[in-house]
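Biologist: Could you take me through the pockets of this protein, please? I would like a close look at what lines them.

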Amino acid sequence: MAKTDTKTRILDTAERLFAQKGFDAVSLRNIIASAKVNLAAVHYHFGSKLALIQAVIARRLRPINGERLAKLAEARAKAGRRPVKLERVLECLFLPLFRVQADPKAGPTFARLVGRVMGERNEGLHKFMMGELAEVIIQFGAAFENALPGLAKEEADWRSHFMAGAMAHTLCNADLLAKFTGTQFDPRDYETTVRRLIDFTAAGFRAKVSPPTRPGKKK
């Protein structure tokens, strides 16, 4: 079998196992046994388990981030000298991510994989993720700042933090909506999900800033 086929098989198998069990729980031996390849093939294509983990994540994340940045650049070009509307910035950020989730073949595994990345306290993995997201953070941070000129940086940072949490929870825990409320979630209708998430997060970004509460002060 061609080298490219072997590499893809290793990536597909590793992605599935990492998503199911977590990065630390899966060994290279587990991967080679399931992919039906030898250890030399893994070392040839990736060199180490950490490099394989990074390749698995990058394979899914880089196209998403590339589309995010392209959409934002297009929105900026259309806006000209005006700032891009907040809702449009959020759409550029959310839509590429949830489009992947809607893919019946890759979506469920991808969502679980993102959950593993968010949940596992692996410093090396988080450092790698920050590198992958660096340009997205810079460009979208500037777009949020331009869309919300009256919002202080500290408040914008907190609200971006809350936005990221809502985005990740919606992506990784969609099944909980039906379990806890009975409201059904259809990943194929990702545009409706994105619209709801935009409405929610835009309102949060525009919410009134409450005055700071002093520690120990009685209400």
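Modeller: Happy to! In this predicted model, the largest pocket holds about 1000 Å³ of space. Its lining is made up of 30 residues, and those closest to the pocket's centre are Met 118, Leu 133, Ile 137, Ala 164 and Met 167. If you want to trace the walls on your screen, follow α4 (49-79), α5 (86-101), α6 (107-119), α7 (123-147) and α8 (153-172), the elements that each give two or more residues to this lining. Sorted by class, the lining of the largest pocket has 21 nonpolar residues, alongside 5 polar and 4 charged ones.

Now move on to the second largest pocket, with a volume of about 430 Å³. Here 18 residues form the lining, and Thr 170, Leu 177, Phe 185, Thr 193 and Arg 196 lie nearest the centre. Two or more lining residues come from each of α8, α9 (175-181) and α10 (190-206). Of these elements, α10 gives the most to the lining of the second largest pocket, namely 5 residues. By class, this second lining divides into 7 nonpolar, 8 polar and 3 charged residues.

You may recognise α8 from both lists: this helix gives two or more residues to the lining of the largest pocket and also two or more to that of the second largest. When you have the view open, α8 is a handy place to start, with the largest pocket's Ala 164 and Met 167 and the second largest pocket's Thr 170 as landmarks.

Conventions:
Residues numbered from 1 in each chain as written. Predicted model: local features only at pLDDT ≥ 70, side-chain atom pairs only at ≥ 80, totals over all residues. Heavy atoms only, no water. 1 Å grid on protein atoms, 1.4 Å probe; cavity = no way out; pocket = protein on both sides within 12 Å on 5 of 7 lines; lining within 4 Å. Points joined across faces, edges and corners; volume = space filled by probe spheres on them. Helix = DSSP H or I, 4+ residues; strand = E, 2+ residues; numbered from the N terminus. Nonpolar A, V, L, I, M, F, W, Y, C, P; charged D, E, K, R; others polar.
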